[in-house]
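This report looks in turn at one residue and its surroundings, a helix pair, the cysteines and a salt bridge. Please keep the sequence and the model in view while reading.

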Amino acid sequence: MTDLLLVLAGVCLLYLGGEGLVRGATSAGRRMGLDPMVVGLTIVSMGTSGPELAATLTGVLQGKPAIALGNVVGSNISNLGFVLGVVALIWPLNVAARFIRREAPIMIATSGLVYILVYNGVISRFEGILLLVLLIWYVRSLLRRESETPQIEAEFQEAYDRSTLSPWLSATAIAVGIALLIFGARILIEGAVGLASTLGVSNRVVGLTMVALGTSLPELASCIVAARHHESDVVLGNLIGSNLFNILFILGLTAVVRPIAVDTQAVWMDLHVMMGISILAWFFLRTRSHVGRFEGVVLILVYATYIGFLFT
């Protein structure tokens, strides 16, 4: 019971920390004159990945690399399987932005890169630096993006111009958010490891399920808010951007801090699922520019089947 309470408390702190970081960073970005779409695709995507970063770094530093890698892979799976599925089931999404059709194949290619990284059983510091270099290239490409229609620009304007905090409040929100992320990640990992021992499952499974789903809460919250305002392109931009940042930023930075040992044989299936659900989401966007209730049910079923398989 204590371990479960630690997990729940850690998830709550990660959610609050992620929200504080996103609000503070978004406000700071708008005050610096950044385009709302750029803010959404970079600062917000990176901010909603804050819980994943905190949990992944904590897992590696505490000698739990299976939780660290499982968290990143599991978060990418839950973003598209659970978060996108649930949002589409409630509010069907019609996608109009051209950038999404460009970013989705980049997300798939980035997912494929993980196969190469884990092949030799370790993600090294050099490979971490390579991921961060690719991240810089990706962000630069966003800054030079082609212009969207006024309707799409207005959608992002509405999403990220709702409130602007003062510089002092922005800095405070960022600082408090980071502190909550660090503390929340520590107790989440502690509780998750205890639960793994109690349930008789591996750290990898805990990282792929409880930790990954818990750290995906900021994405779920931000997507629900955007979907309620009929900002479908914001929803997809947030999820695709978050998946890209999870691999390029989180795996990259974590590997630079400490190389990540990988049980290649164990994670192979997880990588197949991450790649498969990424291709499935891209297929829905490419063929129909629509993710409706049917597609939402398909994504949720794929995610539920995978989770069920992990525990059997």
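Is E158 buried, partly exposed or exposed? In this predicted model, E158 counts as partly exposed, because its relative accessibility is 40%.

## Surroundings of E158

E158 belongs to helix α7, which covers residues 150–160. When residues up to four places away in sequence are left aside, E158 touches H229 and E231. The second of these partners, E231, is 73 residues from E158 along the chain, and yet the C-alpha atoms of the two are separated by 8.7 Å.

## Packing of α6 and α11

Helix α6, made of residues 125–143, packs with helix α11, made of residues 232–257, at an angle of about 145°, and their axes are 7 Å apart. The crossing of these two helices, α6 and α11, is left-handed.

On the α6 side, the contact is formed by R125, G128, I129, L131, L132, L134, L135, Y138 and V139, and these meet a set of residues in α11 that includes G241, L244, F245, I247, L248 and F249. Further along α11, the contact also takes in L251, G252, L253, A255, V256 and V257. Sorted by character, the residues of the contact of α6 with α11 comprise 17 nonpolar, three polar and one charged.

## Cysteines

A disulfide is a covalent bond between the sulfur atoms of two cysteines. Searching the whole structure gives zero disulfides. For C12, the closest cysteine sulfur is that of C223, and because the separation is 19 Å, the two are too far from each other for a bond. The same holds from the other end, since C223 is in no disulfide and its nearest cysteine sulfur, in C12, is 19 Å away.

The two cysteines can also be described by their accessibility. C12 has a relative accessible area of 46% and is therefore partly exposed, whereas C223, at 0% relative accessibility, counts as buried.

## A salt bridge between α9 and α12

The count of salt bridges in the model comes to one. This salt bridge is formed by D270 with R204, whose closest N and O atoms are 2.8 Å apart. The pair links distant parts of the chain, as D270 is in helix α12 (residues 264–288) and R204 is in helix α9 (residues 203–215), with their positions 66 residues apart in the numbering. Both partners, D270 and R204, are buried.

Terms used:
Residues numbered from 1 in each chain as written. Predicted model: local features only at pLDDT ≥ 70, side-chain atom pairs only at ≥ 80, totals over all residues. Heavy atoms only, no water. Axes fitted to C-alpha atoms, helices over the stretch in contact; angles between N-to-C directions. Helix = DSSP H or I, 4+ residues; strand = E, 2+ residues; numbered from the N terminus. Left-handed = near helix turned anticlockwise from the far one by under 90°. Contact = heavy atoms within 4.5 Å. Nonpolar A, V, L, I, M, F, W, Y, C, P; charged D, E, K, R; others polar. Disulfide = S-S within 2.5 Å. Buried < 20%, exposed > 50% of the residue type's maximum accessible area, 1.4 Å probe, protein only. Salt bridge = Lys/Arg side-chain N within 4 Å of Asp/Glu carboxyl O.
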